[in-house]
Amino acid sequence: MADNNIKVYHGTVQKFAKKILQDKVFHFSIKKNEWLGTGIYFYPDEHNAVWWSREQAKHYSDVPAIISANLQFDDNQFLDLDDFYQLKNFSEWCQQYFATLNSEIDFNMNDKHLLWCYCTNAYKRRHENVALIGYTFDQYEDIYTLFCFRQKQLCATDNSIVSNICKEA
């Protein structure tokens, strides 16, 4: 039995939701600027998935849809970049990895989204046990209190940790 079992939410649009629910499998997002690399993106908070589904609905001219699922994984399968020590180890690994590449990098290292995607994908290739990466990103700053609203994202790279795929109301 897995060490962890959490309910998560995936924001999408109706045409993609139908396929996911029919096949009971998610397809990986493979853009070069995915913040946590190639994979299936989830939010532990439903309201963030609702926000994302509305953004996608504008883009695809479709109806927003929310799918819930459970992620079941062992501690050693999760790279939690909110954990100081895991982030520090990840950063040190990336520094060592880049030192071995010389001039083989084919993107602008000043673009943080391309850099994040490149680093997390490289890490996942070298650490095949990692099936899930999580990080809390700053979303926007409240103009009255100056506190920053944040958004935790989870990126799964293995459909075998995903179960109980259901459409939310």
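A pocket here is an open set of grid points where a 1.4 Å probe fits, with protein on both sides within 12 Å along at least five of seven lines. Keep that in mind as you go round this predicted model.

**Start with the whole chain.** Show the cartoon and count off 4 helices and 7 strands. From the N terminus on, they come in the order β-α-β-α-β-β-α-α-β-β-β. Zoom out and you'll see the C-alpha atoms filling a box of roughly 50 × 45 × 30 Å along the principal axes. The radius of gyration is 17 Å, which agrees with the value near 15 Å that a compact globule of 169 residues would have. Colour by burial next: buried residues account for 40% of the 169. If you draw contacts between residues at least 6 apart in sequence, 74% of them join residues at least 24 apart.

**Now the largest pocket.** Its volume is about 810 Å³. Select Ser29, Lys31, Glu34, Trp52 and Gln56: of the 29 lining residues, these are the closest to the pocket's centre. Then colour the lining by class, and you get 13 nonpolar, 12 polar and 4 charged residues. Elements supplying at least two lining residues each include strand S1 (4–13), helix H1 (14–23), strand S2 (40–42) and helix H2 (46–60); strands S5 (132–141) and S6 (148–156) do so as well.

**Which element gives the most to that lining?** It's H2, with 4 residues, so select that helix next.

**Walk along H2.** Put a distance between its end C-alpha atoms and you should read 21 Å, in agreement with the 21 Å expected for 15 residues at 1.5 Å a residue. Show side chains for Asn48, Ala49, Ser53, Gln56 and Ala57, the buried residues of the helix. These pack against S1, strand S3 (64–73), S5 and S6. Step just past the end of H2 to Ser61, where phi turns positive, at about 50 degrees.

**Last stop: Val13.** You'll find Val13 in strand S1. Is Val13 buried or exposed? Its relative accessible area is 1%, so it counts as buried, the cut-off being under 20%. Leaving aside neighbours within four places in sequence, select what touches Val13: Ser53, Gln56, Ala57, Tyr60, Asp62, Val63, Pro64 and Ala65. Three of the names there, Ser53, Gln56 and Ala57, you've already met as buried residues of H2. To finish, pick Gly39: this residue and Val13 are 26 apart in sequence and 17 Å apart in space, C-alpha to C-alpha.

Technical notes. Residues numbered from 1 in each chain as written. Predicted model: local features only at pLDDT ≥ 70, side-chain atom pairs only at ≥ 80, totals over all residues. Heavy atoms only, no water. 1 Å grid on protein atoms, 1.4 Å probe; cavity = no way out; pocket = protein on both sides within 12 Å on 5 of 7 lines; lining within 4 Å. Points joined across faces, edges and corners; volume = space filled by probe spheres on them. Nonpolar A, V, L, I, M, F, W, Y, C, P; charged D, E, K, R; others polar. Expected span 1.5 Å × (residues − 1). Buried < 20%, exposed > 50% of the residue type's maximum accessible area, 1.4 Å probe, protein only. Contact = heavy atoms within 4.5 Å. Rg over C-alpha atoms; globule rule 2.2 N^0.38 Å.
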